[in-house]
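Subject: A structure for you to look at

Hello,

Here is the structure I said I would pass on. Please open it first, then read my notes below.

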Amino acid sequence: MELVIIISTITSFFSHHLIERPVVANSVSVIFAILITWFLAGTRSAAFDQEYFFQLLIVAVIALFISMIVGIVFAYHKKCSLH
């Protein structure tokens, strides 16, 4: 799970830095976090079962939560820098 947190923090930082719209940045961040985690953790040669889909769902939820937190920080920073 530490790998998911690190990867999703990095992808959310860059997606919110490069993309202005928060919903699009969250979506891009979650997709890239899932793909990078999947590639780094290694794909299983076994069939996709319910446990594997549940793990992917947990990764997606964690990545979305972290991306939303980073998005809030970016929005607050932009609001404060305009004043």
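Below is what I found, from the whole chain down to single residues.

Please keep in mind that this is a predicted model.

Start with the overall picture. The protein chain has 83 residues. Its secondary structure comes to 3 helices and 0 strands. Read from the N terminus, the order of elements is α-α-α. The C-alpha trace spans about 55 × 20 × 20 Å along its principal axes.

Next, the surface. About 6,100 Å² of the protein chain is accessible. Carbon and sulfur atoms hold 75% of that area. Of the residues, 27% count as buried.

Now the contacts. Take those in the chain with a separation of 6 or more. Of these, 71% join residues that lie 24 or more positions apart.

Then look at the first pair of helices. Two packed helices are described by the angle between their axes and the distance between the axes. Helix α1 covers residues 2–18, and helix α2 covers residues 22–41. Their packing angle is about 145 degrees, and their axes are 8 Å apart. The crossing of α1 past α2 is right-handed.

Which residues of α1 and α2 meet? On the α1 side they are L3, V4, I7, S8, T11, S12, S15 and H16. On the α2 side they are P22, A25, N26, V28, S29, F32, A33, I36, T37 and L40. What kinds of residue make up this contact of α1 with α2? There are 10 nonpolar and 8 polar residues, and no charged ones.

One residue of that contact is worth a click. T37 is found in helix α2. Is T37 buried or exposed? T37 counts as buried because its relative accessible area is 8%, and the cut-off for buried is under 20%. Leave out residues up to four places away in sequence, and T37 touches V4 and I7. Both V4 and I7 belong to the α1 side of the contact.

Last, the core. The largest nonpolar core has 5 residues: I7, V30, A33, A60 and A63. Helices α2 and α3 each supply at least two residues of this core. Helix α3 runs over residues 50–82. Try V30 as a starting point. Leaving aside neighbours within four places in sequence, V30 is in contact with A60, A63 and L64. Of these, A60 and A63 are also listed in the core.

I7 is a good place to finish. I7 is one of the α1 residues that meet α2, I7 is touched by T37, and I7 is listed in the largest nonpolar core.

Best wishes

How values were computed: Residues are numbered from 1 along each chain as its sequence is written. This is a predicted model: local features need pLDDT of at least 70, side-chain atom pairs count only at pLDDT 80 or more; totals for chains, interfaces and linings use all residues. Side-chain values use heavy atoms; hydrogens and water are left out. Axes are lines fitted to C-alpha atoms, for helices over the stretch in contact, and angles run from 0 to 180 degrees between N-to-C directions. Helices (H or I, at least four residues) and strands (E, at least two) are DSSP runs, numbered from the N terminus. A crossing is left-handed if the near helix is turned anticlockwise from the far one by less than a right angle, and right-handed if clockwise. Contact means heavy atoms within 4.5 Å. Ala, Val, Leu, Ile, Met, Phe, Trp, Tyr, Cys and Pro count as nonpolar, Asp, Glu, Lys and Arg as charged, and the others, Gly among them, as polar. Buried means under 20% relative accessible area, exposed over 50%, partly exposed in between (1.4 Å probe, protein chains only). Accessible areas come from the Shrake-Rupley method with a 1.4 Å probe; for residues, only the protein chains shown count as cover. A nonpolar core is a set of buried Ala, Val, Leu, Ile, Met, Phe, Trp, Tyr and Cys residues joined through side-chain atoms within 4.5 Å.
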